[in-house]
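Student: I would like to go through this chain with you, one question at a time. Please end each reply on the value or name I ask for.

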Amino acid sequence: MTDTARTARAGVPERPTLDGLEETWAHRWQEEGTYAFDRKKERADVYAIDTPPPTVSGELHMGHVFSYTHTDVVARFQRMRGRTVFYPMGWDDNGLPTERRVQNVYGVRCDPALPYDPSWQPPAAPVDDAARKDPTPVSRRTFIELCERLTVADEQVFEALWRRLGLSVDWSLTYTTIGRVARATSQRAFLRNLARDEAYQAEAPTLWDVGFATAVAQAELEDRERPGAYHRLRFTGPDGREVLVDTTRPELLPACVALVCHPDDERYADLVGSAVRTPVFSVEVPVRAHPLADPAKGTGIAMVCTFGDLTDVTWWRELALDTRVVIGRDGRLLPDAPAGVPPQPYAALAGQTVNGARRTLVELLADAGDLVGEPRPITHPVKFYERGDRPLEIVSTRQWYLRNGGRDAALRDELLARGAGLRWVPEHMKHRYDHWVGGLTGDWLVSRQRFFGVPVPVWYRLDNAGEPDYAHPLTPDEATLPIDPSTDVPPGYSESQRGAPGGFVGDPDVLDTWATSSLTPQIVGGWETDPDLFARVFPMDLRPQGQEIIRTWLFSSVVRSHLEHGVLPWRDAVLSGWILDPDRKKMSKSKGNVVTPMALLEQHGSDAVRYWAANGKPGMDLAFDPAQIKVGRRLATKLLNASRFALGLGAADALRAPATSPLDTAMLAELSTVVATATTALDAYDHTAALQAAESFFWRFCDDYIELVKERAYGTGPGADSARAALATALSVQLRLFAPVLPYATEEVWSWWRYGSVHRATWPTTYEVGRAVQAPGDPALLRLAGDALSQVRRAKSERKLSMKAEVPLAEALGPAALLDQLTVISEDLRAAGRIGKLDLLPDRTPELVIACAF
């Protein structure tokens, strides 16, 4: 790393400007290694950040700018406090979003049965809608190569934007969630989970996205309101008794395995333990009682189908009911009727989509006289995969699971205790973690039926009939990781035995993207590959992230670290709020109100956009407001101009000289309180309060203090020396206070008169400010002088006079004690207000009044 302390001073330009600073300083920072992590430091001197790797299958938006600016402010502050900051950047590039983007960009679909064709070339991207509707099938290897090609291009665009924004990332630490290190780390952690019986395989009801053709975990669900209808069906009970059941899914009637009522519902008490017959199919099913049945919903008795929803799964499991699966992975009804269901009426449904089967069965019910009344339209919440566009189905599949406390009360309590040991900012976000962990109903489903992801690193022996032995998976040695079971061979086997009886077959699935992202501290920290680095950065200090992924990224990271290391992965978690549009609505792609940042960065400058972002506190929502971005540019511009003016007065040569005049020591005394306020706020991750304190003082410094002392500073003698010394200290301190938020403007000014980088300078302290004064100052003097000067300016403005106009006579009225204070700074006031004569008239008014005569 180049020693930034040797960087020469640039000198004060004649016309300072914000334009072009991003290109100049981004290049200089990279060239000089300004933000490079120093791995020679001990753990106590390291501040390690587990940075969120953004998904690179789309565009960065203002929400990213908002939250990543907050993290960068923390990194810059901690670096100036003397810590070496471990601040990597990652790209989350595997999983469904990337696959969908590749499909849309190139007009292809993956067909794992196709052989790899090295001569195949993709079409020019992007393709038209016709190619997307009729995609070209390609081999799995070709499809993965396309995913890799597209993500590399996307990552370059993302990195350029982050550099423009001024993130103080050490770019040598960059990683990807599909890279070799990430794949090896993810597979190693999975194999260790498997060895400890924390990972297991099971054939079970699984939430299934038909569009993506993959299993979905509980954490990836969202409810969407959709129109539906209640259909009232007539079941036949003992002695021909009519039993009416309301359902929104009549197409699942052939999958019905029971009716369920509440144990206290007297209407059906005599039915419990008996059996009824289903309409159309005349299948006998038992009537059972369960506390989850809602007596107030519909007719109070529900049909249990395998599987209509998650409640069906609960009833099926807890009541030990039969299984009659009718919906396949393609979202269509299976070709054959389940066991015990007559094939003749079922034949009319076989192969149909869910909606088609619903219409057919409603017709069959009506023809049989078992549809009571007309369907009643409703709107109800329906489960969707968060990235999907079709309602989820529940199908029976073999999947991999990781224990997360959903079925283990002891583990659940341990994970709740981990949450209690984490510092939450803001604190109320902990409730979301507790609510999620406390409400888990099953273990974490970590396998996915996709292609561009980290392969599940196991194979299965095939018996003499070619059937896999799922109970005893074959595993690789950790030293061989990462591996791909579809191309690599297990120990003791040859490629010729793949798929052959007595041979082996690779697991075709990949791990859920969160199963890799949950290991970001281990991936970037060198777990098991760089023990020296890992000891210096893990557990990390900070996890900054969005509040919406507490249940996924934060919780899954806690699970993995708890199981593998027995500790929390970090000390603090800082949660971001939402970005709202000007109408206070959450920004989202679906609403079409997302604002992309690059144009704003180019138009207003990065410091201005960062200023807007820093005005949002952790956990608090912030409206996108172009006017506030303009305020940020005005602040950065004023910082350039005010600094140029102060340095033009000779402040650069007076940096370590003492301030002696009362007004100068008063200003520095107030600045000392600002330093204390900003430092306390940033220690608490409250960058907004720190910025507000610094900004409020800065405008007072520019509008009042500089105007009050500039005449004195132009002169010679002790008073002039004091003013220049105070200006130098104030400028040095304020540049460092603003540096975390306005990195470009502050670095530019710093380069005019100081050596090295402001971002490697020490954070200001109250001791430093106090050392710059010969005697303690009174902050009230600065406020009093500002008040008096403001009244003089107002008097000129009311008479439409120039601020340079002379005031032949001014009278100061107010309490005697106040006027005694004014006397101390009267010469600076007279010079700033161009007052010829200033008369003091004590005890004429209860507060200060400056009367001007023209």
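Student: How many helices and strands are there in the chain?
Tutor: The model is predicted, and helices and strands are counted along its one-letter assignment as runs. The chain has 26 helices and 29 strands.

Student: What box do the C-alpha atoms fill along the principal axes?
Tutor: The chain has 854 residues, and 56% of them are buried. Along the principal axes, their C-alpha atoms fill a box of roughly 110 × 65 × 55 Å.

Student: What share of the contacts with a separation of 6 or more joins residues 24 or more positions apart?
Tutor: Contact here means heavy atoms within 4.5 Å. Among the contacts in the chain with a separation of 6 or more, the share from residues 24 or more positions apart is 79%.

Student: How much of the accessible surface belongs to carbon and sulfur atoms?
Tutor: The accessible surface of the chain comes to about 35,600 Å². The part belonging to carbon and sulfur atoms is 50%.

Student: How far apart are the mean positions of the positive and negative charges?
Tutor: The chain carries 96 positive and 113 negative charges. Taking the mean position of each set, the separation is 5 Å.

Student: Which strands are at the edges of the open sheet that contains β7 and β16?
Tutor: This sheet has 4 strands in the order β8-β7-β16-β18, with antiparallel pairing. An edge strand pairs on one side only, and here that applies to β8 (214-215) and β18 (444-445).

Student: Which residue of β18 is the bridge partner of Leu 402?
Tutor: Strand β16 covers residues 393-402 and is joined to β18 by 2 bridges, the two running antiparallel. In β18, the partner of Leu 402 is Trp 444.

Student: In which sense does β27 pair with β28, parallel or antiparallel?
Tutor: β27 pairs with two strands that can be set side by side. With β29 (residues 849-853) there are 5 bridges in the antiparallel sense, and one of the bridges puts Leu 809 opposite Ala 853. With β28 (residues 835-842) there are 7 bridges, among them Ala 810 with Leu 838, and the sense is parallel.

Student: Is Gly 331 buried or exposed?
Tutor: Gly 331 is in the loop between α7 (310-318) and α8 (343-346). Beyond its neighbours within four places in sequence, Gly 331 is in contact with Val 210, Gln 352, Thr 353 and Val 354. Its relative accessibility is 6%, and the cut-off is under 20%, so Gly 331 counts as buried.

Student: How far is the C-alpha atom of Gly 331 from that of Asp 664?
Tutor: Along the chain, Gly 331 and Asp 664 are 333 residues apart. In space, their C-alpha atoms are separated by 77 Å.

Student: What is the C-alpha separation of Trp 171 and Tyr 35?
Tutor: Trp 171 is in the loop between α5 (140-165) and β6 (175-176) and counts as buried at 12% relative accessibility. Setting aside residues up to four places away in sequence, Trp 171 touches Gln 30, Met 89, Trp 91, Glu 159, Trp 162 and Arg 163. Trp 171 and Tyr 35 are 136 residues apart along the chain, and their C-alpha atoms are separated by 8.8 Å.

Student: What span should helix α19 have at 1.5 Å a residue?
Tutor: Helix α19 covers residues 662-683, and 16 of its 22 residues are buried. The expected span is 1.5 Å times one less than the number of residues. The end C-alpha atoms are 32 Å apart, which agrees with the expected 32 Å.

Student: Which residue with a positive phi follows α19?
Tutor: Most residues other than glycine have a negative phi. After α19 there is a residue with phi near 65°, and that residue is Tyr 685.

Student: What is the relative accessibility of Asp 239?
Tutor: Asp 239 is in the loop between β9 (221-236) and β10 (242-247), and its phi is positive, near 60°. Exposed means over 50%. Asp 239 counts as exposed because its relative accessibility is 85%.

Student: What is the relative accessible area of Lys 800?
Tutor: Lys 800 lies in the loop between α24 (779-798) and β27 (807-814). Its phi is positive, about 55°, although Lys 800 is not a glycine. Lys 800 is exposed, with a relative accessible area of 77%.

Student: What is omega for the peptide bond from Phe 538 to Pro 539?
Tutor: Pro 539 is in the loop between α14 (531-537) and β23 (540-546). The bond from Phe 538 to Pro 539 is cis, with omega near -10°.

Note on methods. Residues numbered from 1 in each chain as written. Predicted model: local features only at pLDDT ≥ 70, side-chain atom pairs only at ≥ 80, totals over all residues. Heavy atoms only, no water. Pairing = 2+ DSSP bridges. Buried < 20%, exposed > 50% of the residue type's maximum accessible area, 1.4 Å probe, protein only. Areas by Shrake-Rupley, 256 points an atom, 1.4 Å probe, with all protein chains shown as cover. Lys, Arg positive; Asp, Glu negative; His and termini not counted. Charge placed at Lys NZ, Arg CZ, Asp CG, Glu CD.
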